[in-house]
Amino acid sequence: VAVLAGSILAFLVFLWLGQGWHAALYRAATLLVAASPCAIVISVPAAILSALSAAARGGVLFKGGAALETLAAVETFAFDKTGTLTAGRAAITGIVTLNGTEDDFLRLIGGLEAQSEHHIAGAIRRDLAERDLMPVPITDVTSHPSAGISGRNGHEQVWAGNPRMATRMGASVDHAAFRELADGTQTVIYAGRGDVVLGTITIADEVRHSSARALEALREGGVRKIVMMTGDRRAVALRIGAELGLRPDEIHAEMLPEDKVAEVAELAAAGRGAFGGDGVNDAALARADVGIAMGAAGSDVALQAADVALLAEDMERLADAHRLARRTARIIRQNLTFALAAMVVLVTGGLFFELPLPLAVLGHEGGTVLVVLNGLRLLSDQIRQDRLGTSETVSAVVATAPAAG
């Protein structure tokens, strides 16, 4: 509307300056073509759509162009430890029982963890399967975030979890046998009936092979701060953080879910912040400027809450996606700068010089084509592929991922 109104005004001015009807109309039409902002309008979507396509081929789904643009501005990344920076496939490293046999203890704790999706529960279920043991039937199972799980075995209340869970049940974990088993760098899970501790197991998680390289690539890409959050004890967190190359001040341990949400909010207040997790802390995903879910391992709820989903357990893809987002932002700036400069030159020629209409058309259409081609360069951007490929994973996850918009 502004361009059309400006052209009509220019036509009247040309008439007032004494130019003939045909000359004034010709120059006004030339100005209308020169000032049309087609190249400016197409600058952003051409780059955004190309980048989204390149990311999807590499196994990274964005919930629309806004998430891509926000990711480019992120300077702080926070990650949940378990299932994100670590493989989330823990293994039992030790068992101590105070009452009964080791198999009976595992059957009891296995009955509790049979209804949990936590990586620790998976380790216990795998150990039960390897021993060919059946879990004890447990009813009324209740999850206690960042503490543990409880239920009923007949008329008795049974539970499993960390020291916070034991304290909640009125049980004491101060036992010499437990001190010998725990070396401070492994996750310790206690289990008991009522206020009596029956035993404990230690579980260790492994750092995901791609995590350290991904964090290093993010730093090289301009990220100024990386934080690891976990509900585990500080000693466990420090062991994992050291393997990832994190400083002690970048490691936040013994956090409750609400602590993680508050920390993400604080990081976001200091600048654009992103949070990556596997779906256990969906509130933190939603609170961050950019929520990143491990799509292949994360829950359906995580895919709904997140802005970005990685469809394979390869953290280096996140670094690639961040690099792609930053490159997209640069190309958008290039397109807008070129389109605005071209329009200024053409409008100046139309107002103060005898710019031919065919030249104005050529400049207008040529500028539009050039910004589109510049945006299409992003189609060639490569996000690494894992050895198994991503086509099957994409097909499985697209059905649950929200539509872009």
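Reader: Where does Arg317 lie, and why is Arg317 called buried?
Author: In this predicted model, Arg317 is part of helix α15. The limit for a buried residue is under 20% relative accessible area. Arg317 has 0% relative accessibility, so it counts as buried.

Reader: What makes the pair of Gly58 and Arg317 a polar contact?
Author: A polar atom of the Arg317 side chain lies 2.8 Å from the backbone oxygen of Gly58. The cut-off for such a pair is 3.5 Å, so the distance of 2.8 Å falls within it.

Reader: Which element gives the largest share of the largest nonpolar core, and what makes a set of residues a core?
Author: A core is a set of buried nonpolar residues joined through side-chain atoms within 4.5 Å. The largest one here has 45 residues, and Phe62, Phe77 and Phe79 have the most contacts inside it. Helix α15 (residues 316-352) supplies the largest share of this core, seven residues. Apart from it lies another core of 23 residues, including Ala90, Leu108, Val158 and Ala191.

Reader: Which residues is Phe79 in contact with, leaving aside its neighbours within four places in sequence?
Author: Among them are Leu215, Leu218, Ile226, Phe275, Met315 and Leu318. Contact here requires heavy atoms within 4.5 Å.

Reader: Why is Leu376 called partly exposed?
Author: Its relative accessible area is 37%. Buried requires under 20% and exposed over 50%, so 37% falls in between.

Reader: What makes Leu376 eligible for a surface patch, and which other residues make the nonpolar patch with it?
Author: A patch residue needs over 30% relative accessible area and no salt bridge. The 37% of Leu376 is therefore above the area cut-off. Phe338, Val369, Leu370, Leu373 and Leu379 make the patch of about 500 Å² together with Leu376. Helix α16 (residues 357-376), where Leu376 has its place, gives the most to the patch, with four residues.

Reader: What is notable about phi in Ser146, and why is Ser146 called partly exposed?
Author: Ser146 is not a glycine, yet its phi is positive, near 60°. The residue lies in the loop between β4 (139-144) and β5 (148-153). Its relative accessibility is 24%, which is between the limits of 20% and 50%, so Ser146 counts as partly exposed.

Reader: Where does Glu254 lie, and why is Glu254 not called exposed?
Author: Glu254 is in the loop between β10 (251-252) and α12 (257-269). Exposed requires over 50%, and Glu254 has a relative accessible area of 45%, so it is partly exposed. Glu254 also has a positive phi, about 55°, although it is not a glycine.

Terms used: Residues are numbered from 1 along each chain as its sequence is written. This is a predicted model: local features need pLDDT of at least 70, side-chain atom pairs count only at pLDDT 80 or more; totals for chains, interfaces and linings use all residues. Side-chain values use heavy atoms; hydrogens and water are left out. Patches are made of residues with over 30% relative accessible area and no salt bridge: like charges are joined within 9 Å, nonpolar side chains (Val, Leu, Ile, Met, Phe, Trp, Tyr) within 5 Å. Accessible areas come from the Shrake-Rupley method with a 1.4 Å probe; for residues, only the protein chains shown count as cover. A salt bridge is a side-chain nitrogen of Lys or Arg within 4 Å of a carboxyl oxygen of Asp or Glu. Helices (H or I, at least four residues) and strands (E, at least two) are DSSP runs, numbered from the N terminus. Buried means under 20% relative accessible area, exposed over 50%, partly exposed in between (1.4 Å probe, protein chains only). A polar contact is a pair of N or O atoms within 3.5 Å; within protein, one must be able to donate a hydrogen and the other to accept it, and residues adjacent in sequence count only if both atoms are side-chain atoms.
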